[in-house]
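Here are my notes on the two-chain model you sent over. Have it open while you read, and go through the points in order.

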Amino acid sequence: MIGVGVNYEGRDPAFVATVLPFADVVEVTPDALATLRGGVPVIPRETIDELRAINERAAITLHGIGLSIASADSMNESYFALADVLTQHLDIAWHSEHLGYTTVDGEFLGTMLVPPRTDEALDLLVERVKAIQQRYAKPFLLEHVVSLFPDAGGDYTQAGFLNEIVRRTGCGIILDVYNLECDVHNGLCSADAFLSELDLAAVREMHIACGTVDRGLRVDVHSRTVRDETLASLERVLPAAPNVEAVIYEILGPMVPNVGYQGIANELQRIRAVVNDAIAA
Amino acid sequence: MQSLREHQRAMRDLIRGVAIADDPYIVAASRCIGLDVTRDTIAGWRKLRLDRNCRLTTAILRQRGLYDDVFASIVSESPFIEELSNAFLEAAMAQGDTLVSTVARFEQAILRDDDVERWIDWPCNPYDVLSALLTGDEIPPLENAPHRTVVSRSIEGMFRVAQHV
């Protein structure tokens, strides 16, 4: 069975009441759940209690944005403290991060950038993925990231780089259909080439979303309902990815009013219909 | 090709407008429209978060045409909304407008995550200002009527008007 889910940033009873009945999986981002107390990011006790209640009704996955796994200097250690707390208190199905960096020499960039696909970056990432796999006894997945800059290039293609990380670590992949649409729109890759090369057996989770086009570039902000063509891409890819366990609709917390709670619930039903059709096919 | 560390430092400096490294990729990146979109997305995201977390201060700054100047003077790159908000409110306080400063100090007191009781003195009736900002209306002409608000998590509704001062 392929679960259908949505991300959730916590402390929103209306979201839980309206959306949760339609979700098999709830994706939480440790960074987004955290609040600063005494200058230290912590997951509030009430948030943990809320998530434990949700965990009785749906699977929960961790999806980080702040680990900065591709930073040359170091990963963000404070992220681990948050993930540690969540894995201690919740039954986490799996854990994932973006294949990008958000900090340089400890300075927050305000965005996420894609590293060049070099052997140096590959060795660094492989070492770190292995360390994460040892730290958490749960599957670990990596998600490819949208770039608004020219392709930084390197020794591998985009799919080849992901495949090599998978080959050397055994980690899984999140295939974000919308991210791929962004990269195709922005001239960074061909969807057919990417998908034909990517090890689709390593894909455990898929994401779909919709953002905006700004000055001709498709931007990875999760602010809207999913376009029909994105759902069509999902339906095409799913049968070729035999190990997908969940499809997640992503909407940024501040953008939830754009879609509305009932709108998000409707999106989950649209996605479920597509997933069911793809499985049947 | 640059080392990973060199590449990432060059991208950081490029996005911040500090420097354009002498590297073909960084030079190409400096000329792409994606750089402007990235910078605007970073700023837009910060504004969105501040609008949600510092509703009163952003409202009064916008009413008075001061928002962009204050936003540009924020001294913080923190990913944490608590630190970003504090830096924004400090910048608003330093802007020089007495009522803006009062609203920012009041909002900062409301957002503090501690049990300390704080007093904020107003040059006018705070309800006239707060109701206008919360409903999106223009602040009406204000009478000179000093008030004091007491802000504390132990007070229902977070604050009360304690006395005229």
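Which residues do ring pairs link into a cluster? They are F106(B), W122(B), Y127(B) and F159(B). One thing to keep in mind throughout: this is a predicted model.

1. Start inside that cluster, with F106(B) and W122(B). Their ring centres are 5.5 Å apart and the planes sit at 65°, so this pair is edge-to-face. F106(B) belongs to helix α7 (residues 98-111) of chain B and W122(B) to strand β1 (residues 118-122) of chain B, so the pair ties together parts 16 residues apart in sequence. Both rings belong to buried residues: F106(B) has a relative accessible area of 2%, and W122(B) has 2% as well.

2. Over all chains, there are 9 aromatic pairs in the structure. Another one to look at is Y67(B) with F71(B), a stacked pair with 6.1 Å centre to centre and 15° between the planes. Here the partners sit in one helix, α5 (residues 67-72) of chain B, 4 residues apart, or about one turn. Y67(B) and F71(B) are both buried.

3. Now the interface. Here 39 residues of chain A are in contact with 35 residues of chain B. About 3200 Å² is buried between chain A and chain B, with carbon and sulfur atoms giving 66% of that. The rule also finds 13 residue pairs in polar contact across the interface of chain A and chain B, both residues being at pLDDT 80 or more. On the side of chain A that touches chain B, the elements giving two or more residues are β3 (35-37), β7 (101-104), β8 (107-113), α5 (119-135) and β13 (217-219) of chain A. β8(A) has the largest share, with 6 residues. By residue type, this side of chain A divides into 23 nonpolar, 8 polar and 8 charged.

4. Salt bridges deserve their own pass: there are 30 over all chains, and 7 cross the interface of chain A and chain B. In one of these, D105(A) pairs with R9(B), the closest N and O atoms being 2.7 Å apart. In another, R37(A) meets D113(B), with the closest N and O atoms 3.1 Å apart. That second pair crosses between chains from strand β3 of chain A to the loop between α7 and β1 of chain B. Neither end is buried: R37(A) is partly exposed at 36% relative accessibility, and D113(B) is partly exposed at 40%.

5. Two salt bridges within a chain are also worth checking. K138(A) and D91(A) meet at 3.6 Å, N to O. K138(A) is in the loop between α5 and β9 (140-143) of chain A, and D91(A) in the loop between α4 and β6 (92-98) of chain A, so the pair ties together parts 47 residues apart in sequence. K138(A) is partly exposed, with a relative accessible area of 33%, while D91(A) counts as exposed at 55%. In chain B, the side chains of D68(B) and K47(B) meet at 3.8 Å, N to O. This pair links helix α5 of chain B to helix α3 (residues 33-53) of chain B, 21 residues apart. D68(B) is exposed at 53% relative accessibility, and K47(B) is partly exposed with a relative accessible area of 25%. Elsewhere, salt bridges that share partners join D105(A), E107(A), R5(B), R9(B), R12(B), D13(B) and R16(B) into one network.

6. Have a look at T118(A), in the loop between β8 and α5 of chain A. T118(A) is buried, with a relative accessible area of 9%. A polar atom of the T118(A) side chain lies 3.1 Å from the backbone nitrogen of A121(A). Leaving aside neighbours within four places in sequence, T118(A) is in contact with G154(A), D155(A), Y156(A), F161(A) and M1(B).

7. Lastly, the backbone. Most residues other than glycine have a negative phi. S68(A) has a positive phi, near 55°, and R215(A) has one near 50°. S68(A) is in the loop between β5 (59-63) and α4 (77-89) of chain A, and is buried with a relative accessible area of 1%. R215(A) sits in the loop between β12 (212-214) and β13 of chain A, and counts as partly exposed at 40% relative accessibility.

Key:
Residues numbered from 1 in each chain as written. Chains lettered and ligands numbered in written order. Predicted model: local features only at pLDDT ≥ 70, side-chain atom pairs only at ≥ 80, totals over all residues. Heavy atoms only, no water. Contact = heavy atoms within 4.5 Å. Buried area = accessible area lost by both parts, 1.4 Å probe. Salt bridge = Lys/Arg side-chain N within 4 Å of Asp/Glu carboxyl O. Polar contact = N/O pair within 3.5 Å; in protein donor to acceptor, adjacent residues only side chain to side chain. Nonpolar A, V, L, I, M, F, W, Y, C, P; charged D, E, K, R; others polar. Buried < 20%, exposed > 50% of the residue type's maximum accessible area, 1.4 Å probe, protein only. Phe/Tyr/Trp six-rings, centres within 6.5 Å; stacked < 30°, edge-to-face > 60°.
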